[in-house]
Amino acid sequence: MNDLTPPKSEQELLARAHAIAGLSLGALAEKFLLKVPKQQLYAKGWIGELLELQLVATAGSRPEPDFPHLGVELKTLPINQLGKPRESTFVCSINLNNSLNKTWETSTVWRKLRRVLWIPIEADPAIPLAERRVCPPLLWSPTAEQAMILQADWQELTDMICFGQLAQITAKLGRYLQIRPKAAHAKSLCWGSNEKGEPTLTLPRGFYLRTSFTHQILQQYYA
DNA sequence: AAGTGATCATAA
DNA sequence: TTATGATCACTT
């Protein structure tokens with residue numbers, strides 16, 4: 001049986017995550033009387049939510065780390081059979097109105113990335129979802145150099161938003177962090193501002209970590 | 001095969 | 001509509 005209360009320390013959180021390493025998603029789902037979705041297409045966040053249940057994350061859908069009292073963010077990371085991430089990692093949504101007077105230190109990106117519990121998950125399409133296993137966790141903080149690059153990316157992209165250059169933002173920008181759409185569909189709209197500083201309807205966006213960066217994180221632990 | 005842009009579910 | 005959890009699928 002597992003604890004139903006939030007972990008009281010990083011050590012406890014890490015221990016709980018280690019305890020489920022090797023378990024299949026089917027076995028984990030069974031503990032919560034959940035059915036494994038037949039396809040991920042209509043259950044894209046299912047694995048992440050399953051792990052939140054198991055580890056008793058409490059942030060809900062607030063723009064806070066999953067374990068606010070510990071300042072730790074939880075991220076599942078789909079990996080192929082070579083241990084390489086198969087997808088980019090969503091970090092947080094972006095407020096396109098008043099991203100002004102925000103600093104790196106107080107930004108949601110930094111508050112979520114300063115401490116992350118990464119849980120790699122087998123994600124080879126050849127393995128049925130229920131049989132994919134949870135891999136050993138990594139409790140990570142960016143190195144000084146990584147933090148500098150993340151900050152530079154964040155500053156560059158945030159500046160563009162502040163200067164009304166939303167239209168010129170592409171996923172090609174940013175070394176580790178990039179901005180991509182984060183919406184129900186291409187017709188979802190939210191308020192932003194154009195080059196003249198006028199309110200404009202635009203596609204909601206989010207910050208994402210490139211797979212090359214999360215791969216680097218895995219290497220730094222498994223090297 | 002990568003990488004970018006599009007999309008799906010759900011809660012408040 | 002905004003936030004969370006992400007993966008899908010088309011283009012390059």
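**Protein, DNA and Helix in Definitions**

Student: What makes the pair formed by Arg180 and a base nitrogen of DNA strand B a polar contact?

Tutor: A polar side-chain atom of Arg180 lies 2.7 Å from that base nitrogen. A polar contact is a pair of N or O atoms within 3.5 Å; within protein, one atom must be able to donate a hydrogen and the other to accept it, and residues adjacent in sequence count only if both atoms are side-chain atoms. The value of 2.7 Å is within the limit, and therefore the pair qualifies.

Tutor: The model is predicted, so local features need pLDDT of at least 70 and side-chain atom pairs count only at pLDDT 80 or more, while totals for chains, interfaces and linings use all residues. Residues are numbered from 1 along each chain as its sequence is written, chains are lettered from A and ligands numbered from 1 in the order in which they are written, and side-chain values use heavy atoms, leaving out hydrogens and water.

Student: Which other atoms of the protein pair with phosphate oxygens of DNA strand B?

Tutor: A backbone N or O atom of Ala186 is 2.5 Å from one phosphate oxygen. In Lys84, an N or O atom of the side chain is 3.5 Å from a phosphate oxygen.

Student: What makes a residue count as near DNA strand B, and how many residues surround the strand?

Tutor: A residue is near a strand if one of its heavy atoms lies within 4 Å of it. Around DNA strand B there are 18 residues, and the closest are Lys44, Ala171, Arg180, Ala183 and Ala186. Strand β5 (residues 177–181) gives the largest share of this surface, three residues. Strands such as this one are DSSP runs of E with at least two residues, helices are runs of H or I with at least four, and both are numbered from the N terminus.

Student: How are the residues near DNA strand C divided by class?

Tutor: The surface there has eight nonpolar, eight polar and 10 charged residues. Ala, Val, Leu, Ile, Met, Phe, Trp, Tyr, Cys and Pro count as nonpolar; Asp, Glu, Lys and Arg as charged; the others, Gly among them, as polar. DNA strand C is surrounded by 26 residues, and the closest are Asp66, Thr76, Lys112, Lys182 and Tyr208. Of the atoms of DNA strand C that come within 4 Å of the protein, sugar and phosphate account for 67%. Polar side-chain atoms of Thr76 and Lys112 lie 2.7 Å and 2.9 Å from phosphate oxygens of DNA strand C. The largest share of this surface, four residues, comes from β1.

Student: Why is Gln54 called buried?

Tutor: Buried means under 20% relative accessible area, exposed over 50%, and partly exposed in between (1.4 Å probe, protein chains only). Gln54 has a relative accessibility of 4%, and therefore counts as buried. This residue lies in helix α3 (residues 46–55). Contact means heavy atoms within 4.5 Å, and Gln54 touches Asn2, Ile20, Leu28, Lys31 and Phe32, not counting residues up to four places away in sequence.

Student: Why is Glu195 called exposed?

Tutor: Its relative accessible area is 57%, so Glu195 is exposed. Glu195 is found in the loop between β6 (190–193) and β7 (199–202). A polar contact of 3.1 Å joins its side chain to that of Gln168.

Student: How do you know that the span of α5 agrees with its number of residues?

Tutor: The expected span of a helix is 1.5 Å times one less than its number of residues. For the 19 residues of α5 (residues 144–162) this gives 27 Å; the end C-alpha atoms are 26 Å apart, which agrees.

Student: How do you know on which side of α5 the buried residues lie?

Tutor: Among the buried residues of α5 are Ile149, Leu150, Asp153, Trp154 and Leu157. The buried residues cover an arc of only 165 degrees around the axis, which puts them on the same side of α5. The arc is that of the directions from the helix axis to the C-beta atoms. An α-helix has 3.6 residues a turn, so residues three or four places apart point the same way. The face turned away from the buried side carries the exposed residues Ala144, Glu145 and Met148.
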